[in-house]
Amino acid sequence: MIYTCTLNPSVDYIVHLDELHVGELNRSVKTFTFPGGKGINVSRVLKRLGVDSTALGFVGGFTGGFIESELRKEGIACDFVHVPGQTRINVKLKAGRETEINGEGPMIADDDATQLIAKIGALSAGDVLVLAGSAPMSLSVDVYEQLAARAVKRRVRLVVDTSGPALEALLAYRPFLAKPNHHELAELFGAAVLTKEEIIPYGRRLVERGVEHLIVSMGGAGAFYFGREATLFAEAPQGTVKNSVGAGDSMVAGFLAAWASGTSIEEAFAYSVAAGSATAFSEDLCTKEEVEALVDRVRVARL
Ligand SMILES: Nc1ncnc2c1ncn2[C@@H]1O[C@H](COP(=O)(O)OP(=O)(O)OP(=O)(O)O)[C@@H](O)[C@H]1O
Ligand SMILES: O=P(O)(O)OC[C@@]1(O)O[C@H](CO)[C@@H](O)[C@@H]1O
């Protein structure tokens, strides 16, 4: 079974504007409200690609209730810890360029954190655990390590989509899959920006440190795959971007769904890129039909 863990879920409020005037009254032209947070996005895309998962994490208040009811409507199993306080609302402004305001999230008490750690400690060998997104400030800085240690002890495969010190710490647990974007990879190595050529040695270094499959995404510029047997590059297909929120999460889901069906690494990587781009080209996350309409346009090159 695949489990996704979102420590700080969100209701994503997508607001389209013709133009954003800072310091003035702005009126939206259309709005959308989606259950969000990186692990939740992975669960939603997996479901659309025909793969079941269970969503774990913390939810609270009416916003937390919205997330659970939307996920259940989509047929996604939920096993959240319910916390006092309110799940955050993340505002995504679309006015030509994308501007995001992510909330801080509710306080998580130690007892609630312990409940989540216990759920991870009950997973079974062969399960997959996706640890994705930021952690609320109130949680201990090593919360991801605590979860990873429990999971690895149970011989659970780890998938990591986080950044900064949490990503650095999780590398020690030899994740099955990690998906930083190129900014997150640069941050990991203390670099300001990385050119395509510079990404390659850093990517290979992470594989040497024990990451089994590494995808480094670069938005519209495509993505690299690094593994023991191959280094691959794929251009992203061209299209009209509607809402790129969740594009990276869709890549994670696309790779896992293809891998679960037994495809080659090249095919899983192409499917992953197609899923990311299909999400960028739609208002909500991608559908299976959208991914399959794009996948033949993804050219994968072996480096
Ligand atoms: N403008 C775009 N055009 C085509 N494809 C895109 C575009 N933006 C994103 N993608 C697709 O989505 C993938 C992931 O994008 P990105 O690198 O922005 O992920 P991310 O930073 O993790 O995103 P997020 O945090 O919003 O989920 C890319 O590798 C690409 O396949
Ligand atoms: O604040 P975090 O946890 O880093 O990111 C949260 C978030 O921006 O990531 C998802 C897209 O990847 C959105 O659904 C959500 O709003």
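**Notebook: a domain span, an open sheet and a ligand shell**

I began with residues 8–285 of this predicted model, whose end C-alpha atoms lie 19 Å apart, and I noted that the span is 37% helix and 23% strand. I then looked up the record for this stretch, and found that UniProt, in an unreviewed entry, lists residues 8–285 as "domain: Carbohydrate kinase PfkB".

Next I turned to a sheet. I traced an open sheet of 4 strands in the order β3-β2-β7-β8, and I recorded its pairing as mixed. Its edge strands are β3 (30–36) and β8 (97–101), each of which pairs on one side only, and the twist from one strand to the next averages 20°.

I followed the pairing of strand β7 (residues 88–95) with β8, and found that the two run antiparallel and are joined by 5 bridges; in this pairing I saw V91 standing opposite I101 of β8. I also noted that helix α2 (residues 61–73) packs on the sheet, where it touches β2 (10–16), β3 and β7, and that the direction of α2 makes about 80° with that of β3.

Last, I looked at the surroundings of ligand 2. I found 15 residues around it, the closest being G36, N90, N102, G133 and S134, and I listed β2, α1 (38–48) and α8 (247–260) as the elements that give two or more residues to this shell. By residue type, I entered the shell around ligand 2 as 1 nonpolar, 11 polar and 3 charged. I closed the entry with the domains, since the shell around ligand 2 draws at least three residues from each of domain 1 (1–161) and domain 2 (176–303).

How values were computed
Residues numbered from 1 in each chain as written. Chains lettered and ligands numbered in written order. Predicted model: local features only at pLDDT ≥ 70, side-chain atom pairs only at ≥ 80, totals over all residues. UniProt positions renumbered as here; feature names shortened; annotations may be inferred. Pairing = 2+ DSSP bridges. Axes fitted to C-alpha atoms, helices over the stretch in contact; angles between N-to-C directions. Contact = placed C-beta atoms within 7 Å. Near = placed C-beta within 6 Å. Nonpolar A, V, L, I, M, F, W, Y, C, P; charged D, E, K, R; others polar. Domains from an automatic or database assignment.
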